[in-house]
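Trainee: Got a few minutes to go through this one with me? I'd like to ask things as they come up.

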Amino acid sequence: FHTGLTFRVIKVNNNVITISYVACPNGTYNDGTAPGDVTMCIPCPDINHVTLHPGRGIGDCICKHGFTPNGTTCEMVMCQHLKPPANGYFVGGWCSNVVNAGCGTRCKTGYTLLGSSVRLCQQDGTWSGTKTSCVVKRCHRPTVPRNGAVSCFPYIPIEEDFPVDTECRFSCQYGSHLIGSAVRVCLPLGRWDGLPASCKTTHCQTLPKVANGIWEPEKCTIQKKKPFGTICEIFCENGFEIQGISVRECGAKGSWTNKKELTQCIDVTPPSITCPSNIETTTDAGAGYATVTWDEPIPTDNSKESVLIWSQPATEIPMKFQIGVTNISYVATDSSYNQAVCVFSINVIDTEPPRIEGCESPQRFYLNGASAKNITWEEPQIFDNSKKEINVDVSHEFGYFSLGVTQVQYTATDSSGNNSTCIIEIIVKENGCSDLIPHSISNCSQTSCYITCDEGYEFIDSNSTFEVAYPCENMQDSLPTCSEMKEPNAVSQEGTLSLEPVLPKLCNDSNFLKQVALETKQNIIEACENSLEGCEVSSSINAECEDVLSNIEEETNKITTRRRRKAPHKRLNVNFNISGKNNMKNIHHQLSSFGKNNTLL
């Protein structure tokens, strides 16, 4: 049995031979006619033959891939020459037809390749893939947008794609708007230009808020875009009216109808204001006015905004008002210029009567033998707090008055009916010196009168008889007074002894001050007992210091001059009181002289 193998000695050891059998190399065979090693292997007839191991004969020599047998030789396998399709070309400009050769095919611009773009020459001499051709490029039929439509030119049946330069126009239904390109053209690349088209439902922005109003229904106020066809209506709060468009609809272009016109809720309600109650008061004391205070009204408004308020006339609290009635109007104006007015009155009543000054009776008048005397007098001055005209009634005018007392009455009435009365007396007497001084006796001649006091009365600091010229008119103020005489049981006299200057430190020495007071008291008692009968010295004698200023001289540094200035120092005062019985003769004079005696110390 022939195996096609050869042998090889691997090892000789201890006369033992180890043999390994191996196949002939590829492309050779051993037909078994002469066993041996690889040198006995026979090459195949063609260089492109290969053998299947182990090769046992020429029949095991076969052509390798890419070759085909021709007798005992191998010929190279060749594919049919390919040609580029019309309007196409080979990549690299040519195409080989040998086994494993690859051909890439492309089409010119505007054409699309149909078939395999790359074909390989196979070992069986056939081309892989399918036959190629270049056809004019076409664009896929565009998608019709939802809620929209598309129209293309030229018209192509619905089952076919569109050729280059086809133009398609996109549109949307009412209430939707186009997203993307409205017109798209099929490009030579087989693609549509522009952006894909779609139809989106139109939405409007949320309506702006309206002050003092609200949009209905409720969805109109939600912060979200509103779809096409949404209808919103404005409703104003109480006290406000609609001005402008009340109903708006979301339009097809994404804007509300009548967008250029405003919608407002206008305030048509005036503010609320309440004035204080009417005020009635009286004038200030001595004045023609009253100072009045009141609470200024505080207005309110339905808009909740601030309200402007002013008054007519202009006021400032507190404020002075003249006598009479003053009406005050408060005007409140809101931001929409609605106004409200309230009025109250201030009535100032004058209850103060006129003031009469100088209501004094004149001095007495004397007839001196006549039957009547022509008399004038200084009339009183009349004033009124109102500063208005005063009506004055007088019971008697200037003129002749006879013997006796006449009352002249002044009645002053102001514009409010308040009145005051003043009465003066006109006294007319026969003798000018009778009853000239109360408690006196007059003894008159044609040229003078001698006046003495009644018993029990005497002139103070004057002689017992006083002489005046007759008729004694207008002399009452210059005459002495007859005073009643009363004898006291005892009289007293206060005195002060002063020493200056005194050292300040002595004034702070209480023992020194007590010693001075004690020594002074003893000296006064001794002097008093020696000179006055019944003389007594008060036990409350005290010594104290006070600050005084006196003139002293000083020298200056610049020029040797002397000047006088006031300099403070201390004065020591000793206060005492002495008294004597009333039966002592000239007791007043003696005590007065004693109190002025500064030699006691």
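Trainee: Where is aspartate 165 found?

Mentor: Bear in mind that this is a predicted model. The strand on one side of aspartate 165 is β16, and on the other side comes β17 (167-172). So aspartate 165 is found in the loop between β16 and β17.

Trainee: Is aspartate 165 buried or exposed?

Mentor: The cut-off for exposed is over 50% relative accessible area. Aspartate 165 has 58%, so it counts as exposed.

Trainee: What is the phi of aspartate 165?

Mentor: Most residues other than glycine have a negative phi. Aspartate 165 is not a glycine, yet its phi is positive. The value is near 75°.

Trainee: And is asparagine 212 buried, partly exposed or exposed?

Mentor: Asparagine 212 lies in the loop between β21 (203-204) and β22, and it has a positive phi of about 65° too. Buried means under 20% relative accessible area, and exposed means over 50%. Asparagine 212 has 21%, so it falls in between and is partly exposed.

Trainee: Which residue does glutamate 216 join through a cis peptide bond?

Mentor: Most peptide bonds are trans. The one that follows glutamate 216 has omega near 0°, which is cis. The residue after that bond sits in the loop between β22 (213-216) and β23 (226-227), and it is proline 217.

Trainee: Where is proline 313?

Mentor: Proline 313 is joined to glutamine 312 by a cis peptide bond, with omega about 0°. Its place is the loop between β30 (308-312) and β31 (319-322).

Trainee: What kind of aromatic pair do phenylalanine 162 and tryptophan 192 form?

Mentor: The count comes to seven aromatic pairs. For phenylalanine 162 and tryptophan 192, the ring centres are 5.9 Å apart and the planes meet at 65°. Planes over 60 degrees apart count as edge-to-face, so this pair is edge-to-face.

Trainee: How many residues apart are phenylalanine 162 and tryptophan 192?

Mentor: Both residues are buried. Phenylalanine 162 is in strand β16 (residues 162-163), while tryptophan 192 is in the loop between β19 (183-185) and β20 (198-201). The pair links distant parts of the chain, 30 residues apart.

Trainee: Which residue of the pair tryptophan 377 and phenylalanine 398 is partly exposed?

Mentor: These two form an edge-to-face pair, 4.6 Å centre to centre with 80° between the planes. Tryptophan 377 has 8% relative accessibility, so it counts as buried. The other ring has a relative accessible area of 40%, so the partly exposed residue is phenylalanine 398.

Trainee: Which strands stand at the edges of the sheet β9-β10-β12?

Mentor: This is an open sheet of three strands with antiparallel pairing. An edge strand has a single partner, so one side of it is left without a neighbour in the sheet. The edge strands are β9 (88-90) and β12 (118-120).

Trainee: What is the bridge partner of cysteine 103 in β12?

Mentor: Strand β10 (residues 102-107) and β12 pair in the antiparallel sense over three bridges. In β12, the partner of cysteine 103 is arginine 119.

Trainee: How far from arginine 119 is the nearest side chain of opposite charge?

Mentor: Arginine 119 is buried, and a polar atom of its side chain lies 2.8 Å from the backbone oxygen of serine 128. A salt bridge has to be within 4 Å. Arginine 119 has none, as the nearest side chain of opposite charge, aspartate 124, is away by 10 Å.

Technical notes. Residues are numbered from 1 along each chain as its sequence is written. This is a predicted model: local features need pLDDT of at least 70, side-chain atom pairs count only at pLDDT 80 or more; totals for chains, interfaces and linings use all residues. Side-chain values use heavy atoms; hydrogens and water are left out. Rings of Phe, Tyr and Trp (its six-membered ring) pair if their centres lie within 6.5 Å; planes under 30 degrees apart count as stacked, over 60 as edge-to-face and the rest as tilted. Helices (H or I, at least four residues) and strands (E, at least two) are DSSP runs, numbered from the N terminus. Buried means under 20% relative accessible area, exposed over 50%, partly exposed in between (1.4 Å probe, protein chains only). Two strands pair if DSSP finds at least two bridges between them. Lys and Arg count as positive and Asp and Glu as negative; His and the chain ends are not counted. A polar contact is a pair of N or O atoms within 3.5 Å; within protein, one must be able to donate a hydrogen and the other to accept it, and residues adjacent in sequence count only if both atoms are side-chain atoms.
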